[in-house]
Structures are given as C-alpha cells and as structure tokens.
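Biologist: I am new to this structure and would like a close look at a single part of it. Could you choose one helix pairing, walk me through it carefully, and then set it beside some other local features of the chain?

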Amino acid sequence: MLAEVWSAALDGVRSVPVRVEVSLASGLPAVSVVGLAQSAVREGKDRVWAALAHAGLALPPRRITINLAPADLRKEGSGFDLPLAVALLAGAGHLDPGRLEGCAFTGELGLDGTLRPVRGVLAMARGCRSHGIHTLFVPGTNAGEAAAGENRIDVIGVSSLSEALEHLRGERTLPPTRVDVEALLAGDPLPGADLSEVRGHLGPRRALEVAAAGGHNLLFVGSPGAGKTLLARSLPGILPPLTRREALEVTTIHSVRGLLPPGEAIVRRRPFRSPHHTVSAAGLVGGGAPPRPGEVSLAHHGVLFLDELPEFPRPALEALRQPLEDGWVNLVRARERQRFPSRFTLVAAMNPCPCGYLGAALRECLCDPSQVARYRARISGPLRDRIDLVVSVDSVPFRELTAEGVERGEDSATVRTRVVRARERQWARAFAGAPERGTSPSLDAPGESGGGSRSRPPASTNAALSPAELNRWARPEPAGMRLLEDAAARLGLSSRAVHRVMRVARTVADLEGDESVGRHHIGEALQYRD
C-alpha cells in the first residue's frame, strides 16, 4: 500500500514543497525514515504513533518506509508530524487518497493528538500557491499567520488530528480562515518612545527626522546619559507605517526564526532590534547550521540599534558592510548558500572617548590622545563611511531638563506626518504609479525571483539610490555643486561619501517639498559628516 501527501520544508526564509511518501509492505514490522530527515523529524514517528493510538486508530503490522522528497533537501523541525500521520492513515485505508489531492499539511502533534504551532507557516503558505496546492491544513494558532499571506489558497486551522480527520472524511466542515491585513495594520498605535519626551537636542531631533525620511544610517556621539538611547528609541515612532508587502516580509522572517508571538497573524510595527555588544558575527548577520537570519534580517524594514558601538567585536562590525551597502546578506557554506534580506536603518551610539567625557561641560576628560585614537579606531573607516549622519549629542542643562514652563518639542505624530510626505515623494519617483509600495518585490534577491529579470529594482528611499538615480534625481544646482566640490577637496571625502552627502541632501529637499537640490540642502547634509 502506497500513499502520499504534501508538506513543506524551510530553506532559509523560503519554503520548498515536500512530498511525504509512505509505503506499507509485507515483512517484519519496522519503520524507517529516509530523505535527509534531521532528528526532530525522525523523532516525529514516535509522536505520530502515540497520537494515532490515542485516537483509536491502529496501523497494520507492516514494514513501513517513509520517504521525504526531494531527498537531497535537509528536513528540519516538527512540522512533518501531521502530514506523516495523514499519509499513514491514507496508506492503511482510513482515509480516501482522492480527498488529499491539492492539500498540504504541517503541524506538530502532541501525544494526545493535539496540534501545536510550528515556525515558518507564512513562508509555507506563500510557497504552496506556486505548486498547485489549494488547501493548507495548519495548527489553529498558526491559521491567522498563514491566511495573512495568501488569499488564493484555503487555510484550514485545526486543533487536533481527530478534527482534521473529520474534515477530510466529510463528517464536518471547517471554514477557511480569513484575515484582513489592511485592518490590522491600520489599527496599530505609534511604537517606541515619543519625541515629545526628548528635552532640547534640536540638532539630534532634526537628524532623526532626516534619517527617518530617507532611510539613512545615523551615529550619535555623546557623553554617558546625554540622551542617545532615548533619541534612538524614538525613531520607530516617526517612521512610516508598514505597507502590506513590508509587513509580510517582516512576518516571514520573524516566523522562520520562531519569534512571532502565538496567535499573531502579522507583525504590525517596524522592528526595533537592539542586540547586546557581546553578539557574535553569526548572531548579527546570520549563520548556524543550517544558516538562519541574524539581527540585521530581523531588523528588515525597521531599525537596528547598536549601543556602545566600539564595544562590539570587530568581526561583527565588519560583517555589517555588505548588508549596509546591498540590503542583503549572502551566507555561503560548504553545502548550501542562503540570501537573507536586510534593508534596515542603522542607528548607533558611542562615547567620544573611553571615559566618555571628551568635550563635555559637566566633567573633565581623563583620556590622553592615544587612548582616544585607539578607541575611535575600533570603528573602521569603511564602516564609518557607510554612516550618512554623524551627530553630537550634548547633555541638556539641568534647568532646561526640569523646568515645567519649558515648551516641549514636537511629538512623534507631527514629525511622522512630514516623514510620510517625504517618503511619498520618493515612492512616486521610484515606482511612478505602481500598485503597491515596497523596497523589494519579494523576499527573493533581485534577479532570483524566478521572473528572469536581473535588473536592479528602483530604490524607494533616498539612502538606497544608485549612482544613476543620484545623477537623475539628486544632482545639485550649480551653486550646490560648487559647495560639494569644495567640501570634497577640503574634507577628503571618498566617492562613497560624496554620494551619501547627495542622498542626504535629496532627503532634506524632500522634507522641504523642493524638487531640486540647492546649496542650503548640500550645506545641511555636510554638517552631518564627521
């Protein structure tokens, strides 16, 4: 007796359909699992046998062979429990194989037959559609997540193996799950700290607004307690809301890592990741066996905050170069290669010297010049060159910090309105009437989405503008060009630094509603160079 059902395996942040084949043959009773199944998959047969026994379903004493195809793809996790149980029941005659056509299954079985959530369900749902699968059975707590990404397949949430069997036998009908993603995204409050909580710091507040409007990387330099962390945590609140496409990409990554809260259908807020400075290079950009997304990918479409930047390991900081430049992380191992999205805004904070009080008015610095030089050398020139805005954060005077009559600055909602308008100008230039905004058409890297096109997608934020796009949209007026040329010669700016000044100037112009980049836009952008 032979039976087969469909499931899916995770391959990075994508899913690959897997055919679960079961053969019940004559011979001594035994069970073997083949097809590059890892330990959690092999242990699944014991959970399945216990769940079948609890449901009163007996299997004949046969030699059972379970094959997971394609055989050369690593199969991980407990999501193969449910498809394995269904395939065994179909092979033993408890289910009509014809009712399984076009259906896929995933879910972990408890010993009593209940279904438990698994990670990566959204990626599985998005992969099923392209392989002709019309119905996906998932644990009930994963149903909202799976339904959020696909409206062209039916997602059936089941709470137990018995409930799934009743539906497959036609004894009861379980309705497909439907999720209104737009409604979920529209009802989300502003995340993070509110800018109105920040006293003083007019320059850093302006830099935050520019960084949010153009997606620029930002470095705060200031003494301990000056307010660098509070400023950084205010950034998510002034970023534009996630679009549907961005939310699905972020949700897919977090689900693959198992970080999506149970019952949550989608990530509604832009991520804010703040790893400790002891993080390894693999933890920051991804790695492991098999490779999994790191902090830079978990911050995709959001903010990566690195506090005490010089304290991070040098290999971890240098590993940031590619994702900061390309928006992707390429991980190559002996047996596989993965590419994870990492289009994020970097916000970093550091002290001006080891003791933290160089140039501070409150305390005297105790560091000698050689100590300061060694401290700042922990951040390499190429990495610093990838940071668009470098801003000094001075301590706020006591009276201004505590006075009740001092008027508070603008709140996050007000600043966010200007940021959204500036982003809309950038989106209009980049997509010119496209139906949906986003920084990439899918989780596949450019040229790898199966469409055959290897052209670079247009940049939807100024920080990602290519040299050709810079020349088209951010070329300064003659007076601004002369100022930029003089500054490049005087400050010794690299070609990358010149382009970053132009990108920042384009963002300043967008915030002011100007179509062209003028001299004063270039002047403000140059103020943010270290």
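**A helix pair and its surroundings**

Modeller: The protein chain averages a pLDDT of 89, and 92% of the residues score at least 70. Since this is a predicted model, it is worth saying where the confidence drops before turning to the part you asked about. Over residues 433-441 the pLDDT stays under 50, and the model has 17 contacts for this stretch beyond four places in sequence. The pLDDT is also below 50 over residues 445-455, a stretch that has 10 contacts in the model beyond near neighbours in sequence.

The part I would choose is the pairing of helix α20, which covers residues 478-491, with helix α22, which covers residues 519-527. The axes of these two helices come within 7 Å and cross at roughly 25°. Angles under 35 degrees count as roughly parallel, and α20 and α22 are therefore roughly parallel to each other. On the side of α20 the contact is made by A479, G480, L483, L484 and A487, while α22 contributes R519, I522, G523 and L526. Sorted by character, the residues of this contact divide into six nonpolar, two polar and one charged. The spacing of such positions can be read against a general rule: an α-helix has 3.6 residues a turn, so residues three or four places apart point the same way.

Helix α22 also holds E524, and this residue deserves a look of its own. Buried means under 20% relative accessible area, so E524, at 15% relative accessibility, counts as buried. The side chain of E524 is joined to the side chain of R206 by a polar contact of 2.8 Å. Leaving aside residues up to four places away in sequence, E524 touches R206, V210 and V508.

From R206 one can move to the helix α8, which spans residues 202-214, and to H201, which is placed in the loop between α7 (181-186) and α8. Phi of H201 is near 55°, a positive value in a residue other than glycine. Because its relative accessibility is 12%, H201 counts as buried. A second residue of this kind is E308, whose phi is also positive and near 55°. E308 is found in the loop between β14 (303-306) and α13 (314-318), and, with a relative accessibility of 27%, E308 counts as partly exposed.

As background to these backbone details, most residues other than glycine have a negative phi, and most peptide bonds are trans. The peptide bond from A69 to P70, however, is cis, with omega near 10°, and P70 lies in the loop that runs between β4 (63-69) and α3. Another cis peptide bond leads from A289 to P290, with omega near 0°, and P290 sits in the loop between β12 (286-287) and β13 (292-293).

The loop that holds P70 brings us to helix α3, residues 81-91, which is mostly covered, with 11 of its 11 residues buried. Among the buried residues of α3 are D81 and P83, together with L82, L84, L88 and L89. After α3 comes G93, whose phi is positive and near 90°.

Conventions
Residues are numbered from 1 along each chain as its sequence is written. This is a predicted model: local features need pLDDT of at least 70, side-chain atom pairs count only at pLDDT 80 or more; totals for chains, interfaces and linings use all residues. Side-chain values use heavy atoms; hydrogens and water are left out. Buried means under 20% relative accessible area, exposed over 50%, partly exposed in between (1.4 Å probe, protein chains only). Helices (H or I, at least four residues) and strands (E, at least two) are DSSP runs, numbered from the N terminus. Axes are lines fitted to C-alpha atoms, for helices over the stretch in contact, and angles run from 0 to 180 degrees between N-to-C directions. Angles under 35 degrees count as roughly parallel, over 145 as roughly antiparallel, 65 to 115 as roughly perpendicular and the rest as oblique. Contact means heavy atoms within 4.5 Å. Ala, Val, Leu, Ile, Met, Phe, Trp, Tyr, Cys and Pro count as nonpolar, Asp, Glu, Lys and Arg as charged, and the others, Gly among them, as polar. A polar contact is a pair of N or O atoms within 3.5 Å; within protein, one must be able to donate a hydrogen and the other to accept it, and residues adjacent in sequence count only if both atoms are side-chain atoms. pLDDT is the predictor's confidence in each residue, from 0 to 100.
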